[in-house]
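Here are my notes on the model, set out as numbered points for you to follow with the sequence and coordinates open. I begin with the ligand and then move to the domains and a few single residues.

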Amino acid sequence: MSDCLPLRAVSSSPIIKAAGNMTPPQITRLDPPAKQGPQEAEERIIIRGGKPLRGETRIFGAKNAVLKMMAAALLAKDVTVLRNVPNLTDVHMMADVLRHLGAVVEISNNEVSIDATNLTEIEAPYELVSQLRASFVVLGPLLARCREAKVSLPGGCAIGERRIDLHEKGLKLLGAEVGIDHGYVYASATKLTGARIYLDRPSNGATENIMMAAALAEGQTIIENAAQDPEIVNLADCINAMGGKITGAGTYQIVIDGVPQEEMHGAVVDTIPDRLEVGTFLYACMAAGGEIIINGANAHHIYAVISKIHEMGAECSIYAPDTIKIKVEGRLKAIDVTTVPYPGFPTDLQAPLMSVLAVAEGTSIMTETMYENRFMQVGELRRMGADIQLKANSAIVKGVPKLMGAEVKSSDLRAAAALIIAGLGADGVTEVTGLSHLDRGYDKLEERLRDLGADVWRR
Ligand code: EPU
């Protein structure tokens, strides 16, 4: 039985037909970080390259963990508080999705509080999901809690096709009926029952949706070939703090013992440090030269990246589990790198690393195995003088002595970071536009680089 009352009336057909003339729930907006609207196209980050970085910086909470934990809050008829939350447009957009579902969400002082006592909707509409594809992860918890969910298909995005077949397969194996109609995924189940689910690839999103649905299923679920990323562990810890029973997160096999809904309660959960932000600062220093200390990191999450930094010839050491130091002198060496699921080299740092390899000594081959179209930074880096050729899913990067500042436009979040990194080491002035992408995933990046001595500002 659903406990999400009063729910919007839905059609008895497996695919909801009602378009809805409901009044949406009241939305309270607090401190959106970025400007939005037509004027945004003119906003830019301006970098005068060639200033080495020096000093210390602190890492903020991981976007890709916090968004999923916000969705997990839907599992309890209670208040869940997430701490160490970065101020990102993605976090604000996820808050809007949860508010639409009836949760009361407040964001302040790097904390998000989600009161999911009363859910009033089971539908996450296109207008919201299309702005934040990660919000598709409300499907699992909504289905678990309400036994019914209708979530807009996120569709592909600039970097790739981004399929959801494994989400679908997992939820079906738990006993849900899942259908796709008119751009929406509709899932319903009178009862969810634990199952053994093998994922053909270790998808983060599928692991998360299945884990959250299985948290309230009857019996035990085992996810085989699960994603092993630290953000999955953070999510499992969050669900456990809320009363769930999950073991094995962080390995290829996750075991979820379902608990009754009444046993789920609110919790206070810390967000892990953003490992992609750590990588971004490391590469920023490699592009600009200098010596920086990164505090508040988790070095265990970033071994693949540090190991490749050593291959390139930079000094990078782990002082304490949460402190990483990097010192960069002279020209770095070319390396080959392939993006693979965690704990391998992350696809999300492929573009930022390419900006460093563009000026390394020798030829690097970068192979992208996670997405079909994640080399969109290449055209912009070429405008800055990089010598990069694309062959199938590899980029052949012939290091040039220096990049030249230019006007460039970012096409996605990590491409934006890559162009800023490129600008830090380039001769002259680089102007990066398309900042809405950057603000989705980096909180005050330019201010923090400026604190390290970079000549960078936003206008
Ligand atoms: N895939 C399938 N079938 C599925 C699910 C995924 O074929 O059912 C494919 C996708 O098409 C993609 C690959 O598997 O090619 C990886 O997809 P995954 O589900 O692991 O990715 P995701 O959960 O959609 C998260 C991060 C991404 C990050 C990937 C891989 C969030 C919000 N997003 O996406 O982060 O690239 O995992 O690590 O957690 C970013 O932060 O810039 C970013 C894009």
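1. The shell around the ligand. The ligand is surrounded by 23 residues, of which K68, S203, D348, M370 and Y371 come nearest. Please keep in mind throughout that this is a predicted model, and that the distances below should be read as properties of that prediction.

2. Composition of the shell. Sorted by class, the residues around the ligand comprise ten charged, seven nonpolar and six polar ones. Several helices contribute to this shell, with helix 1 (63-72), helix 5 (165-173), helix 6 (204-214) and helix 12 (413-425) each supplying at least two residues.

3. Polar pairs with the ligand. Y371, already listed among the residues that come nearest, has a side-chain N or O atom 2.7 Å from an oxygen atom of the ligand. For R201, a polar side-chain atom lies 3.0 Å from an oxygen atom of the ligand, and for R162 the corresponding separation between a side-chain N or O atom and a ligand oxygen is 3.2 Å. As for cover, the ligand taken alone exposes 820 Å², and the protein buries 90% of that area.

4. Where does the ligand lie with respect to domain 1 and domain 2? The chain is divided into domain 1, made of residues 45-60 together with 273-458, and domain 2, which spans 63-270. Because both domains give residues to the shell around the ligand, the ligand lies between them.

5. The domain pair. Taken over C-alpha atoms, the centres of domain 1 and domain 2 are 31 Å apart. In the contacts between the two, 26 residues of domain 1 meet 22 residues of domain 2.

6. Helix 2, D90. This residue belongs to helix 2, which covers residues 89-100. Its relative accessibility is 3%, so D90 counts as buried, the cut-off being under 20%. Once neighbours within four places in sequence are left aside, D90 is in contact with K63, L67, L132 and R440.

7. Helix 2, R99. A second residue to check in helix 2 is R99, which has a relative accessibility of 4% and therefore counts as buried. A polar atom of the R99 side chain lies 3.0 Å from the backbone oxygen of V105, and I would suggest looking at this pair on the displayed structure.

8. Is H182 buried or exposed? H182 sits in the loop that runs between strand 8 (177-181) and strand 9 (184-188), and with a relative accessibility of 73% it counts as exposed, since the threshold for that class is over 50%. The side chain of H182 is joined to that of D181 by a polar contact of 2.8 Å. H182 and S152 are 30 residues apart along the chain, while their C-alpha atoms are separated by 8.9 Å.

9. K77. This lysine lies in the loop between helix 1 and strand 3 (79-83). With a relative accessibility of 41%, K77 counts as partly exposed, because that value falls between the 20% and 50% limits. From K77 to M376 the C-alpha to C-alpha distance is 43 Å, and the two residues are 299 apart in sequence.

Conventions: Residues are numbered from 1 along each chain as its sequence is written. This is a predicted model: local features need pLDDT of at least 70, side-chain atom pairs count only at pLDDT 80 or more; totals for chains, interfaces and linings use all residues. Side-chain values use heavy atoms; hydrogens and water are left out. A residue is near a molecule or strand if one of its heavy atoms lies within 4 Å of it. A polar contact is a pair of N or O atoms within 3.5 Å; within protein, one must be able to donate a hydrogen and the other to accept it, and residues adjacent in sequence count only if both atoms are side-chain atoms. Accessible areas come from the Shrake-Rupley method with a 1.4 Å probe; for residues, only the protein chains shown count as cover. Helices (H or I, at least four residues) and strands (E, at least two) are DSSP runs, numbered from the N terminus. Ala, Val, Leu, Ile, Met, Phe, Trp, Tyr, Cys and Pro count as nonpolar, Asp, Glu, Lys and Arg as charged, and the others, Gly among them, as polar. Domain bounds come from an automatic or database domain assignment. Buried means under 20% relative accessible area, exposed over 50%, partly exposed in between (1.4 Å probe, protein chains only). Contact means heavy atoms within 4.5 Å.
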